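Here are a few short exercises to work through with the model open in your viewer. Try each task yourself before reading its solution.

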Amino acid sequence: MKDDKSDKTPNWKSDFPIEKKKATHVSRREFAKYLGLFSGALAVGNGAIVIKSLFFPEENLKGEHFVCNEADVPVGEMFQFNIEGSATVPYILIHLEDNKWRSFEQKCTHLACAVRYRADINQIECPCHKGYFNADTGDVIQGPPPRALPQLTVVRKEGKIFVKASEKEQTV
Ligand code: FES
């Protein structure tokens with residue numbers, strides 16, 4: 001007796017007669033449509049960023065903000081912190097040498113990766129595209145970052161570290 005089960009087309013196939021070739025084929029027109037939609041979404045996103053930066057500039061920090069105790073960060077170490085009210089901007093505090101402290105935004109000025117201090121080369125490194133910044137000034141040393149890291153002024157008081165909006169001259 002012949003088993004004719006293998007010859008039978010499953011029920012679902014006869015209910016939904018879709019050819020695999022047709023189902024996976026993307027026509028030139030469809031491709032162009034998706035490309036157009038994707039490009040349009042990118043353009044809208046870029047436009048929103050430009051508008052935000054032009055009409056809603058980030059506010060400068062006001063007042064002094066406590067970061068940590070001096071004893072918490074030995075020489076050559078970095079301390080990451082946020083400031084209340086500006087949780088979207090992470091900062092770093094660096095203890096460069098005895099009584100010499102620096103603080104910068106932790107977002108790389110290229111594509112906003114988190115930077116870190118490397119004591120072995122005394123520079124701030126962005127691991128994403130090998131950008132390097134001067135740990136004293138925040139200036140770009142090498143790599144794609146277009147500008148220096150925004151810097152805060154460090155204030156020391158009775159063994160405690162505070163930061164405030166940058167002044168032209170370093171106080172510490
Ligand atoms: S994001 Fe820092 S170098 Fe590209």
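**Exercise 1.** Which residues touch the most other members of the largest nonpolar core?

Two notes before you start. Residues are numbered from 1 along each chain as its sequence is written. This is a predicted model, so local features need pLDDT of at least 70 and side-chain atom pairs count only at pLDDT 80 or more, while totals for chains, interfaces and linings use all residues.

*Solution.*
- Start with the terms: a nonpolar core is a set of buried Ala, Val, Leu, Ile, Met, Phe, Trp, Tyr and Cys residues joined through C-beta atoms within 7 Å. A residue is buried if 20 or more other C-beta atoms lie within 10 Å of its own, exposed if 12 or fewer, and partly exposed in between, with C-beta atoms placed from the backbone.
- The core has 20 residues, and Ile-92, Leu-93, Ile-94, Val-115 and Ile-124 touch the most other members.
- Next, find the strands (DSSP E runs of at least two residues, numbered from the N terminus). Strands 3, 4, 6, 9 and 10 each supply at least two core residues, and strand 3 gives the largest share, 4 residues.

**Exercise 2.** Is Ser-103 buried or exposed, and which residues is Ser-103 in contact with beyond four places in sequence?

*Solution.*
- Locate Ser-103 in strand 4.
- Count neighbours: Ser-103 is buried because 26 C-beta atoms lie inside 10 Å.
- List contacts (C-beta atoms, placed from the backbone, within 7 Å). Leaving aside neighbours within four places, Ser-103 is in contact with Tyr-91, Ile-92, Leu-93, Gln-151, Leu-152, Val-154 and Val-163.

**Exercise 3.** Describe strand 10 and its partners.

*Solution.*
- Look at the faces: Ile-161 and Val-163 point to one face and are buried, whereas Lys-160, Phe-162 and Lys-164 point to the other and are not. In a regular strand the side chains alternate between the two faces of the sheet.
- Look at the pairing (at least two DSSP bridges between two strands). Strand 1 runs antiparallel to strand 10, joined by 4 bridges, with Cys-68 bridged to Ile-161.
- Strand 9 pairs with strand 10 in the antiparallel sense over 5 bridges, and Lys-157 stands opposite Lys-160.
- Finish at the turn: strands 9 and 10 form a hairpin with 2 residues between them, and Glu-158 in the turn has a positive phi of about 45°.

**Exercise 4.** What is the strand order of the open sheet of 4 strands?

*Solution.*
- The order is 5-6-7-8, with antiparallel pairing.
- Strand 5 and strand 8 are the edges, each pairing on one side only.
- For one bridge, take Phe-133, whose partner in strand 8 is Val-140.

Notes: Contact = placed C-beta atoms within 7 Å.
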